[in-house]
Amino acid sequence: MELVVFVLAAAMVLVGALGVILRSNPVHAALSLVLTLFGIAVMFVAQEAHFLAAVQVIVYAGAIVVLFLFVIMLLGVDRSEDIRIEPFKVQRPLAAVVGLGVIGLVAASIVASRDAIGGGSGSLDTPTSTGNGDSNIRQIAESVFGDYVVAFEVTSILLVVAVVGTVMLTRRVKSGKDKS
Amino acid sequence: MNTALLSIDPVADGDLLWTPLLIIILKVVAIFAIGLLVTMFMVWFERKAIAGLQNRIGPNKAGPWGLLQTLADGIKLFFKEDLIPDRADRFVFKLAPYLAFVPAFLVWSVIPLGGDFSNGKDGLVSWFGHTTRVQLADPPVGILLFMALSSVAVYGIMLAGWSSGSKYPLLGSVRASAQMVSYEAALGLSIATVLLLAGTLSTSGIVANQDGFANWHVVSTGVVPFVIFLLAATAEMNRPPFDLVEAEQELVGGFNTEYSSIRFGLFFLAEFMNTVTMSGIIVTLFWGGPQGLFDIPVIPGAIEGTIWFIAKVLVFLYVYVWFRATLPRYRYDQLMDLGWKILIPASLGWFMLMAVLRLARDEDWNRAVVAVAAAAVIVLCAVLISVAMKVSRANREREGAMF
C-alpha cells in the first residue's frame, strides 16, 4: 500500500517537474508545477503529516502558483518563447554548475544519513503518530512558536521588509516621473 | 498503513472488514446523490424565490411547482452541441470544468451532516453495530481541507477564462482570481478566530465545542468574525453582490462565455453546489452545526441533529438568494477596498482581541483591565490605518491618479 502510494506520488512529482522545464507554454509549465506540488502533498499524507499536506496545497498550489498564473495572464506572456536566443550568456553554464552542485549536496546528505533513514531501528525520538489526530499540529506549533520563535519572528519581519520595499520601489518610479 | 490512511473515520479503526467498508461506500454514494439532488433543488429554490421577490411566478411548468425544471434544463444541456473555440487551449479548456466541479463536491465530505452532539456526546452514531459519524470523513485537519479545496477551485475559473482564447472570459477570470485570492485572507483569519476557541481543526470537534447557544461560535466570538466570514464567503463564491466575474453588462457572461453544453452545466452545478456547501460550512463553524437549541420530542437524537442542520442551512440559502435579489453589484475598486482595507484589518484585529482575552482567561489576569487596554489598542490601530489611508489617497490625488 505504502509502496503504491509512493510510486504514484513520485510519478506525479517527476512528471510535473519535467513538465515545468520542458513545456514551452508558460501556463502549461505553471500547471505542471501544481502537479508536482500535489504529488508532494500526497507524500505528506502518506507520512501522516496531514497538516503539512493541507498547508502545502493552500499556500503553494492555492496562493503562489495562482499568483504566477495571474502575472502570466496579466502580462500576456502566455506564448511559447524561442529559447535559442540567449539574453544572458553566463546563465546556462552557471545553471548547470548550480544544478550539479545541488544534486551533489542532496546525494551527499542522503549518503551521510543513510543509517538514520534506512538501516536504523526505524524509531524516532518524537512519535509522529500517536493516535491523537491533533498531536501532529501541536508538535509543529510547539516547535515553531516555542523552540524557534525568534527565527519565526525574524522571518516575518523579513517578509514585511520585502513587501514594504516592493511598494516603495514601484511608487518611487511614478513620483519621479511626475516631478520631472 | 492501511488503517493510518483511513483513520479519518472511526468505523475504519482496527481490521478492515466487509461491513465497515460497505458503510463507507454507502456513505460515499449517499453523499454524492444527496449533493446532486440538493443542488438541483437549490437551483429551483433560487429561481422561485427570486421570482417571488421580483413579483414574477418563476418556473412552474415542469413538475409540481416547477420542481423538475432543473432536471429538464440538465437534460437539455446534455443534448446541446459541445463547442470548442478555435483559439482555445483544448486540454486546459476540457480540464477546467472538472477543476471547478470536483472541489465543490469534495467539501461535502468534511461537513458534519448530523449526529447527536448533545450533553457532551461526540456525534458518534451506531450503524449495524459499528460506530461512525454522519459525515464522510473527519480528518484531523478538517477545516484546512475546506480551505485547500476552495483554493483549488480558483484554478477552475482562472483556467476556464484563459483557455477560452477570447478577451471577455480572460478579463472575467483575471478578476475572479484576484478577488478569490484576496478574500481568502479574510476568510482564513475569521476561521482562525473560531479555531482559537475550538482548539481543534477537525470539523466534528468544532461542532462538539459549540454545546448550548452561548457556546455557539457566532455568540462566543462576538458576531464580527461571522459577518466577515459571510461577506468573504460571498465574494469567494462570486455570488452577487460580488459577481463581477460574470458581470453580464460588461463581460458578456464572464469566464464561462465560451462554454456550452454539459461543460457549462458543470460550472453551473459547481456554482450552486458551492452555495450549499458554503452555507453548510458557515453553519458548522458559527451556528453549531447539528447542535439543536432544544430537544425535539419523539425523534431520536441522531436524526434530530440532521433536522437542525438542514433548517440552519436553509436559512443561509435564503440569505444568499435574498442578497442576490436585493443588492446591486459592487464596482471593482469598491470590492478591493472592502476586502483589503476593511475586512482583512478588521478580522486581524478581532483575532488578536480574542487571543488576548483567551490568554487573560488562561493566565487569570484582570479581565476588565485587559479588555479595556485591548480595545484602546485596537481603536488606536484603526485610527492609524485610516490616517494612513487618507494620506495615501491625498498622495495619489496629487500625482493625478484617477482613483
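How much area do chain B and chain A bury between them? In this predicted model, chain B and chain A bury about 2,800 Å² between them, and 74% of that area is on carbon and sulfur atoms.

**Stop 1: where chain B meets chain A**

Show both chains and select the residues in contact. The selection should hold 30 residues from chain B and 34 residues from chain A. A search for salt bridges across the interface of chain B and chain A finds zero. Polar contacts between chain B and chain A come to two residue pairs, both at pLDDT 80 or more.

Next, colour the helices on the chain B side. Helix H1 (2–5), helix H5 (142–163), H6 and helix H14 (367–399) of chain B are the elements that give two or more residues to the side touching chain A. Start with H5(B), which gives the most, with ten residues. Colouring by class then shows 20 nonpolar, seven polar and three charged residues on the side of chain B that touches chain A.

**Stop 2: the two domains of chain B**

Hide chain A and split chain B into domain 1 (76–330) and domain 2 (333–403). The C-alpha centres of domain 1 and domain 2 of chain B lie 27 Å apart. In the contact, domain 1 of chain B takes part with 23 residues and domain 2 of chain B with 16 residues.

Together, domain 1 and domain 2 of chain B bury about 1,700 Å², 82% of it on carbon and sulfur atoms. On domain 1, select Tyr183(B), Leu189(B) and Leu196(B): more than any other three residues, they supply the area that domain 1 of chain B buries against domain 2 of chain B, with a share of 32%.

The count of salt bridges between domain 1 and domain 2 of chain B is zero, while the count of residue pairs in polar contact is four, both residues at pLDDT 80 or more. Now select helix H6 (167–198) and helix H9 (224–236) of chain B, which each supply at least two residues of the side of domain 1 that touches domain 2. The largest share of that side, twelve residues, comes from H6(B). By class, the side of domain 1 of chain B that touches domain 2 has 16 nonpolar, seven polar and no charged residues.

**Stop 3: Leu18 in chain A**

Bring chain A back and select helix H1 (residues 2–22) of chain A, where Leu18(A) has its place. Is Leu18(A) buried, partly exposed or exposed? Leu18(A) counts as partly exposed because its relative accessibility is 48%, and exposed requires over 50%. Finally, add Ala61(A) to the selection: Leu18(A) and Ala61(A) are 43 residues apart in sequence and 17 Å apart in space, C-alpha to C-alpha.

Technical notes:
Residues numbered from 1 in each chain as written. Chains lettered and ligands numbered in written order. Predicted model: local features only at pLDDT ≥ 70, side-chain atom pairs only at ≥ 80, totals over all residues. Heavy atoms only, no water. Domains from an automatic or database assignment. Contact = heavy atoms within 4.5 Å. Buried area = accessible area lost by both parts, 1.4 Å probe. Salt bridge = Lys/Arg side-chain N within 4 Å of Asp/Glu carboxyl O. Polar contact = N/O pair within 3.5 Å; in protein donor to acceptor, adjacent residues only side chain to side chain. Helix = DSSP H or I, 4+ residues; strand = E, 2+ residues; numbered from the N terminus. Nonpolar A, V, L, I, M, F, W, Y, C, P; charged D, E, K, R; others polar. Buried < 20%, exposed > 50% of the residue type's maximum accessible area, 1.4 Å probe, protein only.
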